[in-house]
Amino acid sequence: MQTSMQIIVLLEEICYTYILTKNGVIINMRMRKKRYGNERLTTLSSLMYTNPEEIWSDLPESYEIARPLRIEIGCGKGGFITALSKAEPDHNYLAVERVSDVMVCAIEKYAEERGLGTLASHGGWQKPDGSVCPYGEKWEIPMAERGNVRFTIGDAAEVLSHLPDNSVSDIYANFSDPWPKKGYADRRLTSPVFLKSYLRVLKPGGILHFKTDNDILFAYSVETVGESEFDLQFVTYDLHKSDRAEKNIMTEYERNFSEKGVLIKALEAVKR
Ligand SMILES: C[S@@+](CC[C@H](N)C(=O)[O-])C[C@H]1O[C@@H](n2cnc3c(N)ncnc32)[C@H](O)[C@@H]1O
């Protein structure tokens, strides 16, 4: 049985705005303002970084076990990082998302999947022992229960700028905004500006994983990555029929696009 708070949250999730092109392709999905969004984030803030400027200084200690670090840029509602961190637990993960209302979904999804409780029926976060932590009050989640994912709200360019050279094993950029206007090309997550910062933070042999529904963004990305110091080791115009299909973890956007028949494009690029 779903509690009233869970039903409110479910309705909020459905209240995405879908704008369809002639081809049936979703070009925009907007999240409505979250009820008690900031308070809900505070409650689960032991899974988060709130000050990106200190990101590297205390990041390694915040994980229970030292493991190679993977970053997802624009984690959206968190389905991908939650599933990947479970499927491949031999890494630590940092989920970066600039919209705090979206991050509420991601962090609560991860917490629920890890068995760290759920939204309580009359507000607050219900912990596994049944007690409720009111919204806005921080729950000090025991380190051993936090798992291998941490979340940070901020712009990827800013977050990456605080990471040291050669510190990251993989970067995931899934269904990032296409920024179609030429004047905004530097904001695309595969622009030469971003590729330069990935090359700096990735370890040699580290991998950039990129997926999109968008043909124009994909063509642009194949070109920019091909011209960079990355080795383009894998390109597909139909990920779900490629040899990566079996291990592929679908994101929320990916599921929406593929249900509408849009082929998913993907590339992997290795730092030399
Ligand atoms: C189109 S959605 C895709 C969400 C998710 N990756 C998925 O595939 O379902 C892109 C997400 O990336 C976030 N985003 C875009 N550019 C970003 C940036 N420079 N830094 C952090 N987050 C970013 C947006 O806020 C949005 O939630």
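**Ligand shell, core and sheet in a predicted model**

In this predicted model, strand 5 (92-97) and helix 9 (252-259) each contribute at least two residues to the shell around the ligand. Helix 9 makes the greatest contribution, supplying three residues. In total, the ligand is surrounded by 19 residues, of which Gly-74, Gly-76, Phe-175, Thr-251 and Tyr-253 are the closest. The shell is mixed in character: eight of its residues are nonpolar, five are polar and six are charged.

Phe-175, one of the residues closest to the ligand, also has an unusual backbone feature to report. Its phi is positive, at about 55°, although Phe-175 is not a glycine. Phe-175 belongs to the loop between strand 10 and helix 7 (192-201). Within 10 Å of its C-beta atom lie 24 other C-beta atoms; because the threshold for a buried residue is 20 or more, Phe-175 is classed as buried.

A positive phi was also found for Asn-166, again a residue that is not a glycine, with a value of about 50°. Asn-166 lies in the loop between helix 6 (156-161) and strand 10 (168-174). Asn-166 has 13 C-beta neighbours inside 10 Å and therefore counts as partly exposed, whereas Phe-175 is buried.

The interior of the model was examined next. In soluble globular proteins, nonpolar side chains tend to be buried together. The largest nonpolar core comprises 58 residues, and those that touch the most other members are Ile-73, Ala-95, Val-96, Met-103, Ala-106, Ile-107 and Ile-171. Helix 5 (residues 100-113) provides the largest share of this core, with eight residues. For Ile-171, when neighbours within four places in sequence are set aside, the contacts are Ile-71, Ile-73, Tyr-198, Leu-202 and Leu-208. One of these partners, Ile-73, is likewise listed among the core residues that touch the most other members.

The arrangement of one sheet was also determined. Strands of a sheet pair through backbone hydrogen bonds, in either a parallel or an antiparallel manner. Here, three strands in the order 6-7-8 form an open sheet with antiparallel pairing. Strand 6 (118-119) and strand 8 (132-133) occupy the edges; each has a single partner strand, so one side of each is left without a neighbour in the sheet. Strand 6 is joined to strand 7 (residues 125-126) by two bridges, and the two run antiparallel. Across this pair, Thr-118 stands opposite Gln-126 of strand 7.

How values were computed: Residues are numbered from 1 along each chain as its sequence is written. This is a predicted model: local features need pLDDT of at least 70, side-chain atom pairs count only at pLDDT 80 or more; totals for chains, interfaces and linings use all residues. A residue is near a molecule or strand if its C-beta atom, placed from the backbone, lies within 6 Å of it. Helices (H or I, at least four residues) and strands (E, at least two) are DSSP runs, numbered from the N terminus. Ala, Val, Leu, Ile, Met, Phe, Trp, Tyr, Cys and Pro count as nonpolar, Asp, Glu, Lys and Arg as charged, and the others, Gly among them, as polar. A residue is buried if 20 or more other C-beta atoms lie within 10 Å of its own, exposed if 12 or fewer, and partly exposed in between; C-beta atoms are placed from the backbone. Two strands pair if DSSP finds at least two bridges between them. A nonpolar core is a set of buried Ala, Val, Leu, Ile, Met, Phe, Trp, Tyr and Cys residues joined through C-beta atoms within 7 Å. Two residues are in contact if their C-beta atoms, placed from the backbone, lie within 7 Å.
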